[in-house]
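Today I look for empty space inside a protein. Where is it, and what lines it?

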Amino acid sequence: MSMENGNLNELPRGNASQSTRRGFMKNAALGAAGLALAGSASSFAAVVGANDTVRVAVAGLKRRGRPILQALSKLPKVKVTCICEVDQLQLQVGLGHCDKYLGYRPATEKDLRKVVERSDVDAIFLTLPDHWHAYATMIALQNGKHVYLEKPCSHNLAEDELLMRAERQYQHLKVQVGTQQRSSVESREIIAEIHRGAIGEAYKAVAFYNNDRNRVANPREVVPPSTLDWELWQGPAPRRPFLDILEDYDWHWRWHWGTGEVANNGNHELDVARWALGVRFPQQVQTQSGKFHFVDDGWEMYDTMEASYRFAGNKVIQWDGKSRNGYSTYGGRAWLRFVGGQTNYEVVQRELEYLDVKTANRDRRIWATAATLGDAEAPLPSVDEVGLPDLIDVQTN
């Protein structure tokens, strides 16, 4: 690995240890810090093209790539100038999505490092495996690009700290993390109701997710598919042989690349719970977890977790995550319960379309205006009422 003028020239190779991942990320952050002084007003003025069209790239075309391209196609003054994918088979699928949703084919790249250096890219949408998230964001910032990053922020908390350091160095650039419920009109309305005291002073939230994910095949070391650049797929992660279960979704449940259900789905519920309670970082965290289903299969992580996050002001968030047994303890697949000073409890569904307020004397349902009228007709709560999400909302959960 070498750094010249703050630019990473080579991905780490060979049998690297976990410490290599940390050193690799630290060097990338230092490179970003070294270039911070170059982020002048004149360079920022060049971020948006002269015709006010925002030119964007999309990196990662499997699963989240398609809905991102579809959403971008609906935005005025946005042009997708480049797409990036390390698997040539998926790249062809992505070009088909471009034909369908955009009506044109952007430039293509295999190497993200080339994308962030392009002069025709103002912002980049990162829909990559978790182990790429922090490093990809940092090199994008280093090259003057705004970033939309699919959750989670990073693979681990050490990377979170480096990412926050890089963000502070590039405050003229915008970074948004895909805990997208904060952008929903319904969510903003319901959270505003809670902040206005619909259930009194909210002091407790129960966030939960359950699924019936099936057995995962036991992995085998095999030769990577000819269409896949395995070196680029690994990116900043220490090198490992290719496993035949990694191409689709099951890398999520491998410690080396994934972050498990709490960062795969739990961060949505936990983020809204923190938002509603008005808290940031916990003072104490207690967890118990384990792998209890299909114990002999290729799923490497926990599949069941209970956690308690305690915050200042005697506020608490409880997490109940069940990935594989399919039992809906509370009703629904992913909901939230809040407890406030004037209620027994209150329940909102994941989409936050309504809020059920239950008290000793009266039960009532508050509907978000957007859920009944549609987003176009719904009044948007003011920033003073709701508060904007942090520029980068670090997932410490």
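My entries on pockets and cavities follow.

I note first that this is a predicted model, where local features need pLDDT of at least 70, side-chain atom pairs count only at pLDDT 80 or more, and totals for chains, interfaces and linings use all residues. Residues are numbered from 1 along each chain as its sequence is written, and side-chain values use heavy atoms, with hydrogens and water left out.

**Entry 1: the largest pocket.** I looked up its volume: about 1,200 Å³ (a pocket is an open set of points on a 1 Å grid over the protein atoms alone, where a 1.4 Å probe fits, with protein on both sides within 12 Å along at least five of seven lines). I found 48 lining residues (an atom within 4 Å of a point). Closest to the pocket's centre are Lys62, Arg63, Arg64, Thr127 and Glu150. The helices α8 (185-195), α9 (230-234) and α10 (260-264) each give two or more residues to this lining (helices are DSSP runs of H or I, at least four residues). I sorted the pocket lining into 19 nonpolar, 13 polar and 16 charged residues.

**Entry 2: the largest cavity.** How many cavities of 30 Å³ or more are there? I count one (in a cavity the probe fits but cannot get out). The largest cavity holds about 30 Å³ of space. Its lining includes Glu261, Tyr302, Asp303 and Trp319. The strands β11 (304-311) and β12 (315-322) each supply at least two lining residues (strands are DSSP runs of E, at least two residues). β12 gives the most, with three. I sorted the cavity lining too: three nonpolar, three polar and three charged. For these classes, Asp, Glu, Lys and Arg count as charged, Ala, Val, Leu, Ile, Met, Phe, Trp, Tyr, Cys and Pro as nonpolar, and the others, Gly among them, as polar.

Notes. Grid points are joined across faces, edges and corners, and a volume is the space filled by probe spheres set on the points.
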